[in-house]
Amino acid sequence: MLIAGFPAGPWGTNCYVAATGPGTECVVVDPGKDAAAGVAEVVREHRLKPVAVLLTHGHIDHMWSVTPVAGTYDATAFIHPGDRHLLSDPMAGISPETAGMLLGGSYEFAEPDDVVELADLQTLELAGLALTVDHTPGHTEGSVTFRTPYGEQGVSQVMFSGDLLFAGSIGRTDLPGGDHPTMLRSLADKVLPLDDDIAVLPGHGEQTSIGRERATNPFLLDLLRADGAPTTAPRRGI
C-alpha cells in the first residue's frame with residue numbers, strides 16, 4: 001500500500017494520498033490550503049489517478065482545496081451531511097484567530113460538481129481500498145474517520161483521524177458545531193474499542209497508534225479511568 005502525506009498551508013494540515021500502489025487510482029484525504037500542488041507532485045511521482053477526495057470534516061484548513069483538486073482530476077468529494085454546508089460557507093465554522101489570518105483576502109468557495117454524503121459504519125470501495133467510515137462528532141457535527149486495512153509492518157489498519165485524535169491530544173470543541181461531551185463519547189465509542197496496532201494518521205502533527213494513545217494520551221486515560229479528572233494537554237485544530 002502507498003500512503004504519502006505532507007503538511008500544507010499556514011495551519012500545517014496533513015493531506016494524505018492513498019493507493020494500493022504506484023500506477024493506480026488513489027484517494028486524497030483532507031486537501032487544505034495550498035495542498036493542490038503537493039497532491040499534484042505525489043500524483044506525478046507515483047503515476048496515480050485521484051478518483052475521490054475524502055474529508056474528515058468541513059473546517060477550512062481541511063477542505064480549502066477540495067473543489068480545485070476534485071475538479072482537476074474529475075474526482076468525487078465525500079463529506080458527512082453534518083458538515084456539508086461548510087463546503088460553500090466554511091467561514092461558518094472557523095475560530096476568531098483563523099478569521100484574523102484571512103483578513104484582507106477575497107475568497108470564494110463552492111461545492112465540487114460531484115458530492116457524496118457519508119454515513120456511519122459505511123464501507124467505501126474506492127481505488128481498490130476498502131475504507132470504513134466512523135461518524136465521530138464533537139470537533140464538528142459531521143466529523144468522521146476513515147479506516148482501511150494495511151497488513152504490513154505489524155499494522156492491521158490505518159486510520160485517518162482528522163481532528164478527532166492526535167499524538168497526545170484531541171481536537172478542540174469550542175468552535176461552531178463543537179461539543180466536548182460529544183467528543184468524549186466519540187472517543188469512547190469509536191477509538192477505545194480499536195486494536196492497539198492500528199496506525200493513526202492525524203490531521204495535524206505526527207503519526208501515532210491506538211496503543212500509544214491508549215497508554216499515554218491524557219484524554220483517553222481519563223476515559224479509561226472514568227473519573228472525569230480534568231486534563232491540561234492542549235487541544236488542536238483551527
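1. Start with one ion pair in this predicted model. Arg-147 and Asp-134 form a salt bridge, with the closest N and O atoms 2.9 Å apart. The two residues sit in distant parts of the chain, 13 residues apart. Arg-147 belongs to strand S9, residues 144–152, and Asp-134 to strand S8, residues 129–135. Both Arg-147 and Asp-134 are buried.

2. The pair does not stand alone. Salt bridges with shared partners tie Asp-120, Asp-134, Arg-147 and Lys-190 into one network. Another link in it is the salt bridge between Lys-190 and Asp-120, at 3.0 Å from N to O. Here the sequence separation is 70 residues. Lys-190 lies in helix H5, residues 180–191. Asp-120 lies in the loop between S6 and strand S7, the latter spanning 123–126.

3. Is each end of that bridge buried or partly exposed? Lys-190 has a relative accessible area of 18%, so it counts as buried. Asp-120 reaches 37%, so it is partly exposed. The cut-off for buried is under 20%.

4. Asp-134 deserves its own look. Its relative accessible area is 4%, which means it is buried. A polar contact of 3.5 Å joins its side chain to that of Lys-190. Beyond its neighbours within four places in sequence, Asp-134 is in contact with Asp-120, Leu-121, Ser-143, Val-144, Thr-145, Arg-147 and Lys-190. That list includes the other members of the network, Asp-120, Arg-147 and Lys-190.

5. How many salt bridges does the whole structure hold? The search finds eleven. One of them joins Arg-84 to Glu-111, with the closest N and O atoms 2.8 Å apart. This pair also links distant parts of the chain, 27 residues apart. Arg-84 is in the loop between strand S5 (76–79) and helix H4 (96–102). Glu-111 is in the loop between H4 and strand S6 (115–117).

6. Exposure of that loop-to-loop pair is worth noting. Arg-84 has 23% relative accessibility, so it counts as partly exposed. Glu-111 has a relative accessible area of 30%, so it is partly exposed. Compare Arg-147 and Asp-134, which are buried.

7. Now the nonpolar packing. The largest nonpolar core has 34 residues. Within it, Val-39, Leu-48, Val-53 and Ile-60 have the most contacts. Several elements each supply at least two of its residues. They are strands S1 (2–8), S2 (13–19), S3 (25–29) and S5, with helices H1 (36–46), H2 (60–63) and H3 (66–73).

8. Another core lies apart from the largest one. It has 21 residues, among them Tyr-16, Leu-129, Phe-160 and Leu-201. By numbering, Leu-129 falls in strand S8, residues 129–135. Asp-134 is found in S8 too.

9. Last, the cysteines. How many disulfides are there? A search of the whole structure finds zero. Why does Cys-15 not form one? Its closest cysteine sulfur, in Cys-26, is 9.9 Å away, so the gap is too far for a bond. The same distance applies from the side of Cys-26, whose closest cysteine sulfur is in Cys-15. A disulfide would need the two sulfur atoms within 2.5 Å. Cys-15 is buried, at 0% relative accessibility. Cys-26 is likewise buried, at 0%.

Definitions and conventions: Residues numbered from 1 in each chain as written. Predicted model: local features only at pLDDT ≥ 70, side-chain atom pairs only at ≥ 80, totals over all residues. Heavy atoms only, no water. Salt bridge = Lys/Arg side-chain N within 4 Å of Asp/Glu carboxyl O. Helix = DSSP H or I, 4+ residues; strand = E, 2+ residues; numbered from the N terminus. Buried < 20%, exposed > 50% of the residue type's maximum accessible area, 1.4 Å probe, protein only. Core = buried A, V, L, I, M, F, W, Y, C linked by side-chain atoms within 4.5 Å. Polar contact = N/O pair within 3.5 Å; in protein donor to acceptor, adjacent residues only side chain to side chain. Contact = heavy atoms within 4.5 Å.
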